[in-house]
Amino acid sequence: ADILQRHFALRSACCVSSSFRPVTPQELFVAATTKVLYDDPEWPMYHTESANWQILVSFCEGFLDIDENGYAKFKDSKTEHLLSRQITGFVRDAHHFMAMVCLKQTEQMGPRLLLEPWFDFRALEVRFPLHNYVVTFWQYHYGIAEQYAESLPGQLQLLMDAAWAARKQA
């Protein structure tokens with residue numbers, strides 16, 4: 001596997017292991033490919049949305065599967081146990097990654113969502129596959145990660161400032 005495959009496979013494992021509810025392949029794709037750091041690699045866009053997430057899932061075929069209800073899950077409990085209990089810091093880092101994903105997605109959807117999560121709900125739900133997850137769970141990932149992730153409070157402060165400014169203009 002090349003470096004890009006490993007990068008996106010690891011991010012997919014982070015998403016599945018730290019999510020507070022099962023995620024669809026589309027949600028997994030959006031989360032795993034969100035650029036949260038300035039030097040994150042770009043996902044090489046393929047022809048369709050479906051092709052994109054199918055290719056991402058194929059990168060993870062050794063440890064992830066899509067269940068009968070259409071959600072991404074670990075193929076077996078051994079893999080989940082290895083990641084969550086045997087690799088020091090994996091769960092902590094996974095929540096940190098998901099907190100950054102949620103903040104970046106909120107920035108893209110419009111920071112006003114921090115103050116009014118119901119704002120433009122239906123339209124954003126159509127345009128952003130991770131919308132419902134982000135508005136529901138961002139604060140839980142953030143709460144777990146903020147104690148050891150020095151950059152998160154600053155990122156949140158910038159988003160809050162933008163949210164208040166957007167609300168004043170509305």
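This passage describes the nonpolar core and the aromatic pairs of a predicted model.

Local features were taken at pLDDT of at least 70 and side-chain atom pairs only at pLDDT 80 or more, whereas totals for chains, interfaces and linings use all residues. Residues are numbered from 1 along each chain as its sequence is written, and side-chain values rest on heavy atoms, with hydrogens and water left out.

The largest nonpolar core, a set of buried Ala, Val, Leu, Ile, Met, Phe, Trp, Tyr and Cys residues joined through side-chain atoms within 4.5 Å, where buried means under 20% relative accessible area with a 1.4 Å probe and protein chains only, has 49 residues, and Leu28 and Leu152 have the most contacts inside it. At least two residues of this core come from each of α1 (3–18), α2, α3 (49–59), β2 (72–74), α5, α7 (131–145) and α8 (152–169), these elements being DSSP runs numbered from the N terminus, with helices (H or I) of at least four residues and strands (E) of at least two. Helix α5 gives the most to this core, with 10 residues. Leaving aside residues up to four places away in sequence, Leu28 touches Ser12, Cys15, Val16, Val23, Leu56, Leu64 and Ala72, a contact being heavy atoms within 4.5 Å.

Rings of Phe, Tyr and Trp (its six-membered ring) pair if their centres lie within 6.5 Å, and planes under 30 degrees apart count as stacked, over 60 as edge-to-face and the rest as tilted; by this rule the count comes to nine aromatic pairs. The ring centres of Trp138 and Tyr142 are 6.2 Å apart and their planes lie at 65°, so this pair is edge-to-face. Both Trp138 and Tyr142 are buried. Ring pairs also link Phe8, Phe29, Trp43 and Phe59 into a cluster.

Terms used. Buried < 20%, exposed > 50% of the residue type's maximum accessible area, 1.4 Å probe, protein only.
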